[in-house]
Every structure is written in C-alpha cells, then in structure tokens.
Amino acid sequence: MARQDHEVDDDTLEGALESFEGAALKFSSGFIKDAKQRDNYNSNVKRVKAQVLAQVNAGKVSIKEAAEFCYEARNKIMAETRQKTSIDRKSTRLNSSHPGY
C-alpha cells in the first residue's frame, strides 16, 4: 500500500492541507467580492482537500505526492495574491501621487 512506502507522515499531509486551505480562504476573503462566488470557491477548496485525502486513502498517490500537490497549489494561490496586492499598491500609489488626475 502507498501509505507505507514514503518518507513523510500524516502530519506532513495535514500541514500541507491546512496550508493550502489557509491560503485559499485568505485569497477568497480578500479578493472575491461576490458572496456566491466566494462560497463556490470555498466549496471547491473543500472538495479538492477531500479528493486529495481520498486519493491517498485509496493508495493512488503517496502522502508525499499529495503534500507536494497541496504546497504547489498553495504557492500558486500565494503568487496570485502577491500579484493582486502588488497591482493594488501600485494603483494606490499612482492615484495618491497625482491628485489632479
């Protein structure tokens, strides 16, 4: 079974899942203004978490592979968050430096 052939443990996967979910929920609360869209996004995050666990429990992927997937997804979300906050800061800076525009 896949659960026995890896060098990481259940705590590693739990941490990866929590990290993914935390980044996703922070993104949704900060950038998805429409409540229905935000709820849909958050439901999809929970669905992805459940699918990751189901894949591990079925022995289709190792805990290591599942944790790597979660961290990659988290990193993509964080990159998108940085991009959006960077754009917002640039926009605010431009607007405040040119009050006549």
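These legends go with a set of close-up views of a predicted model.

**View 1. The whole chain, three helices and zero strands.** Reading from the N terminus, the elements run α-α-α. Helix α1 covers residues 10-31, helix α2 covers residues 35-57, and α3 spans 63-97. Of the 101 residues, 24% count as buried. Take the contacts between residues at least 6 apart in sequence: 74% of them join residues at least 24 apart. As for the surface, the chain exposes about 7100 Å², with carbon and sulfur atoms supplying 51% of that.

**View 2. The largest nonpolar core, with 17 residues.** Which members touch the most others? Those are Leu13, Phe20, Val52, Cys70 and Ile77. Each of α1, α2 and α3 puts in at least two residues, and the largest share, seven residues, comes from α1. As background, nonpolar side chains in soluble globular proteins tend to be buried together.

**View 3. Ile77 and what it touches.** Leave out residues up to four places away in sequence, and Ile77 touches Phe20, Ala23, Ala24, Phe27 and Tyr41. Two of these names turn up again in the next view: Phe27 and Tyr41 belong to a cluster linked by ring pairs.

**View 4. An aromatic cluster of Phe27, Phe31 and Tyr41.** A search of the whole structure gives two aromatic pairs. One of them is Phe27 with Phe31, a tilted pair at 5.4 Å centre to centre with 40° between the planes. Both of these residues sit in helix α1, four residues apart, or about one turn of the helix. Phe27 counts as buried because its relative accessibility is 11%, under the 20% cut-off. Phe31, at 24%, is partly exposed. The rings of Phe27 and Tyr41 also pair up, with centres 5.9 Å apart and planes at 40°, so this pair is tilted too: the angle falls between the 30 and 60 degree limits. Phe27 lies in helix α1 and Tyr41 in helix α2, so the pair ties together parts that are 14 residues apart in sequence. Tyr41 is partly exposed, with a relative accessible area of 23%.

**View 5. Glu21 with two lysines, Lys46 and Lys49, in one salt-bridge network.** The structure holds three salt bridges, and this view takes in the ones made by Glu21. Lys46 pairs with Glu21, the closest N and O atoms being 3.5 Å apart. Why does this pair tie together parts that are 25 residues apart in sequence? Because Lys46 lies in helix α2 while Glu21 lies in helix α1. Is Glu21 buried or exposed? At a relative accessible area of 15%, Glu21 is buried. Lys49 forms a salt bridge with Glu21 as well, and here the closest N and O atoms are 2.8 Å apart. That pair links distant parts of the chain, Lys49 in helix α2 and Glu21 in helix α1, 28 residues apart.

**View 6. A salt bridge within helix α3, between Lys84 and Glu80.** The two side chains meet at 4.0 Å, N to O. Lys84 and Glu80 are four residues apart in helix α3, so about one helical turn separates them. Lys84 is partly exposed, with a relative accessible area of 32%. Glu80 is partly exposed, also with a value of 32%.

How values were computed: Residues are numbered from 1 along each chain as its sequence is written. This is a predicted model: local features need pLDDT of at least 70, side-chain atom pairs count only at pLDDT 80 or more; totals for chains, interfaces and linings use all residues. Side-chain values use heavy atoms; hydrogens and water are left out. Rings of Phe, Tyr and Trp (its six-membered ring) pair if their centres lie within 6.5 Å; planes under 30 degrees apart count as stacked, over 60 as edge-to-face and the rest as tilted. Buried means under 20% relative accessible area, exposed over 50%, partly exposed in between (1.4 Å probe, protein chains only). A nonpolar core is a set of buried Ala, Val, Leu, Ile, Met, Phe, Trp, Tyr and Cys residues joined through side-chain atoms within 4.5 Å. Contact means heavy atoms within 4.5 Å. Accessible areas come from the Shrake-Rupley method with a 1.4 Å probe; for residues, only the protein chains shown count as cover.
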